[in-house]
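Please look over the model shown here before reading on. The report that follows takes up a metal site and then the nonpolar interior.

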Amino acid sequence: MEFSVKSGSPEKQRSACIVVGVFEPRRLTSVAEQLDEISEGYISNLLRRGDLEGKPGQMLLLHHIPNILSERVLLVGCGKERELDERQYKQIISKTIKTLNETGSMEAVSFLTELHVKGRDIYWKVRQAVETTQDTLYTFMQLKTKKGEPRRPLRKIVFNVPTRRELPVGERAVDHGLAIANGMKTTKDVANMPPNICNAKYLLEQAQLLEKQFDSLEVEAIGEKKMAELGMNSYLAVGRGSANESIMTIMHHKGGPDDQAPIVLVGKGLTFDSGGISIKPSEAMDEMKYDMGGAAGVIGTMHSIACMNLPINIIGVLAGCENMPDADAYRPGDVLTTMSGQTVEVLNTDAEGRLVLCDALTYVERFEPELVIDVATLTGACIIALGAHASGVMSNHNPLAHELLNASEQSGDKAWRLPLWDEYQEQLESPFADMTNLGGRAAGTITAACFLSRFTKKYNWAHMDIAGTAWKSGKNKGATGRPVPMLSQFLMNRAGLEAED
Ligand code: BES
Ligand code: MN
Ligand code: ZN
């Protein structure tokens, strides 16, 4: 999709379609009013006859309105003016895009960016419109033999801003929105790919494709041989039952001075989590192909920050492997010596994510990081706590937690903090090793993070549990592209990128 920004009055547009809002009940927005005047009351007449109430998401497509240069006008219901909030704005944009894609207009000029959304400026409205448009139009067609495309798909959207003064901000919002949307698409494509294709090596190859595309990116890989030399026995144990090699992919984005400490992102990359010997029930087990959602989120974020060429150093780690039952698989009762030297008694082979992440988190100490954020589909308990709407955030450093929640708020990619108090650590005690990998049913998301916190003492660290947010189940099953918006926003803030400069 091509996006651009301009500033003009609706009656002067000569486009395949112009998109304007109508509030409930039957109240024209000022833009719709301008069209109404030119057309001598054509629109208000229709409303009076009851063709459109203005309820959120209602659509009315009109052709050849008298005195109007554009072929079509799409009236979009925006609900009650005072109730228009962020969520409703995004829903309206999404519905509009779906409708436009079916009308046959290949180009549209949208005035929805002029709606008043509580607490949000033009930058936010344009950026969200770009992100939401790309999100709505996303499909995963790679593995279908018949690709059904609309006959005349929408190709170009022009967002109108109220005055010429807002053009630069609008253009910046388009650039940022596209960078984030590109990253989300990469995340979705990688995550939706089935586990017989998407293994740890596939994750490495996807990173290498980005390396070819961006000068700022460099990729290295740590295979099983190197892991053994490094003493990453916990990571290796998880992948031992799999026919696919465990590979940790490391992506370097060099945007800052050489001596600047990097921000490190670590993604859980279980390309399939069967549970191992503590095997999962069959129902919805296919969804455990998404257990690499953390790694997918990291590669997508690296894509988005490379698009923006952020002037700071960022490292993305994709901790790839597969958890399978096998004669050689690790088992409940095993005691593993992690790279850090600490020992772990395995009580459940399905609590594998923490065993992979702990060694990856020890490994990244060598980068002397400014801070480390790990991202993981770590616990089913997080879905019980927060559902599918918010990612869980936990941290050993309050300012970092606040920065992340702030980025979440700015980007509209919801997250909520859970505590990491010492009291919870007791649930990890073991009679045979330094700790177990199982904290019991109570506060499962927190005890998983407590486990990780024992490996992150050397730097400021935050953990994101995206078990509920990385993909959708049910008839719209698919990866969401989260938490790319939140992480990209966090890094944009760190790089000092603003809406205007
Ligand atoms: N990948 C799962 C967590 C998960 C489950 C995410 C369902 C999204 C949907 C993780 O490896 C796991 O199996 N966790 C166990 C931990 C338990 C054994 C302590 C869980 O959540 O049940
Ligand atoms: Mn598991
Ligand atoms: Zn898992």
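Which residues are the protein donors of the zinc ion (ligand 3)? In this predicted model, the zinc ion (ligand 3) is held at 2.0 to 2.4 Å by Lys 268 through NZ, by Asp 273 and Asp 291 through OD, and by Glu 352 through OE. Along the sequence these donor residues follow the spacing K-x4-D-x17-D-x60-E. The arrangement around the zinc ion (ligand 3) is octahedral because its 6 donor atoms subtend angles of 78 to 175°. Asp 273 also serves as a bridge between the zinc ion (ligand 3) and the manganese ion (ligand 2), the two ions lying 3.1 Å apart.

Lys 268 belongs to strand 10 (residues 263-273), whereas Asp 291 sits in the loop between strand 10 and helix 9 (293-308), so this pair ties together parts that are 23 residues apart in sequence. The burial of these two donors is given below.

| Residue | State | Relative accessible area |
|---|---|---|
| Lys 268 | buried | 2% |
| Asp 291 | buried | 1% |

Turning to the nonpolar interior, the largest core comprises 90 residues, and Met 251, Leu 310, Ile 373 and Phe 490 are those with the most contacts inside it. Helix 5 (residues 167-192) is the element that gives the most to this core, supplying 9 residues. When residues up to four places away in sequence are not counted, Phe 490 touches Ile 263, Leu 371, Ile 373, Leu 400, Glu 403, Leu 404 and Ala 407. Another core, of 47 residues, lies apart from this one, and among its members are Leu 355, Tyr 363, Met 394 and Phe 451.

Notes
Residues are numbered from 1 along each chain as its sequence is written. Chains are lettered from A and ligands numbered from 1 in the order in which they are written. This is a predicted model: local features need pLDDT of at least 70, side-chain atom pairs count only at pLDDT 80 or more; totals for chains, interfaces and linings use all residues. Side-chain values use heavy atoms; hydrogens and water are left out. Donors are N, O and S atoms within 2.8 Å of the metal (3.2 Å for Na, K and Ca); water is not among the atoms, so sites may look incomplete. Four donors count as tetrahedral if all angles lie between 85 and 135 degrees; four count as square planar and six as octahedral if opposite donors are over 155 degrees apart and all others between 65 and 115; anything else is irregular. Helices (H or I, at least four residues) and strands (E, at least two) are DSSP runs, numbered from the N terminus. Buried means under 20% relative accessible area, exposed over 50%, partly exposed in between (1.4 Å probe, protein chains only). A nonpolar core is a set of buried Ala, Val, Leu, Ile, Met, Phe, Trp, Tyr and Cys residues joined through side-chain atoms within 4.5 Å. Contact means heavy atoms within 4.5 Å.
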